[in-house]
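Hi,

Here's the model I promised to pass along. Have a look at it first, and my notes follow underneath.

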Amino acid sequence: MPNVVEFLNWLDSELPIPRIILSNSIVAYLSKVTVKFGISNNWTKIIGVDTGYATKADALKKLAEDYHITPKEIMFVGDTTYDMEQGLEAGVTKVSIKGWHTLEAMSVFQPDFAIENISELINIFYKLKEK
């Protein structure tokens, strides 16, 4: 978890943008996990399977609408082929991270970026900022 904490702290100081957990777990469980790891205050919103969205793609599209941004302006980090499939359907910027599935397995869904470690997101943000 140190890399996650480091990354979230970096975001707090360098790029204070909305951060949302979008998961197939229920919100109560996700809330407990964030408290356990000391990152409960780092999230703008937690969306779980019990939040009412049929799919992650639906939730991502709604987030774009709610924040008045294009879907491509959303950076969606996922560790499963399902995540990448949903990101592709929603039209967001997809970042595959090694986790439940391999980067190779997720590459079928053409992620915009592929990383092994969450702290690598810092470099991605700098690259995107330069554009």
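Strand S3 (residues 75–78), helix H4 (residues 81–90) and strand S4 form a β-α-β unit, and its hand is right. Keep in mind that this is a predicted model.

The two strands of that unit pair in the parallel sense, with 4 bridges between S3 and S4. If you want a spot to start from, Phe76 has Lys94 of S4 as its bridge partner. S4 also pairs with strand S5 (residues 113–115), again in the parallel sense, over 3 bridges. There, Ser96 is matched with Ala114 of S5.

So how many residues of S4 are buried? The count is 5 of the 5 in the strand (residues 93–97), so S4 is largely enclosed by the rest of the structure. Both of its faces are covered: Thr93, Val95 and Ile97 are buried on one side, and Lys94 and Ser96 are buried on the other. Here buried means under 20% relative accessible area.

Now the helix. In H4, the buried residues are Asp83, Met84, Gln86, Gly87 and Ala90. Looking down the H4 axis, they fall within an arc of 165 degrees, so they line one face of the helix. The general point behind that spacing is that an α-helix has 3.6 residues a turn, so residues three or four places apart point the same way.

What do the buried residues of H4 pack against? They pack against helix H3 (56–66), S3, S4 and helix H5 (103–106). After H4 comes Gly91, with a positive phi near 80 degrees.

Cheers

Key: Residues numbered from 1 in each chain as written. Predicted model: local features only at pLDDT ≥ 70, side-chain atom pairs only at ≥ 80, totals over all residues. Heavy atoms only, no water. Buried < 20%, exposed > 50% of the residue type's maximum accessible area, 1.4 Å probe, protein only. Pairing = 2+ DSSP bridges. Right-handed = clockwise from strand over helix to strand, strands pointing away. Arc of directions from axis to C-beta. Contact = heavy atoms within 4.5 Å.
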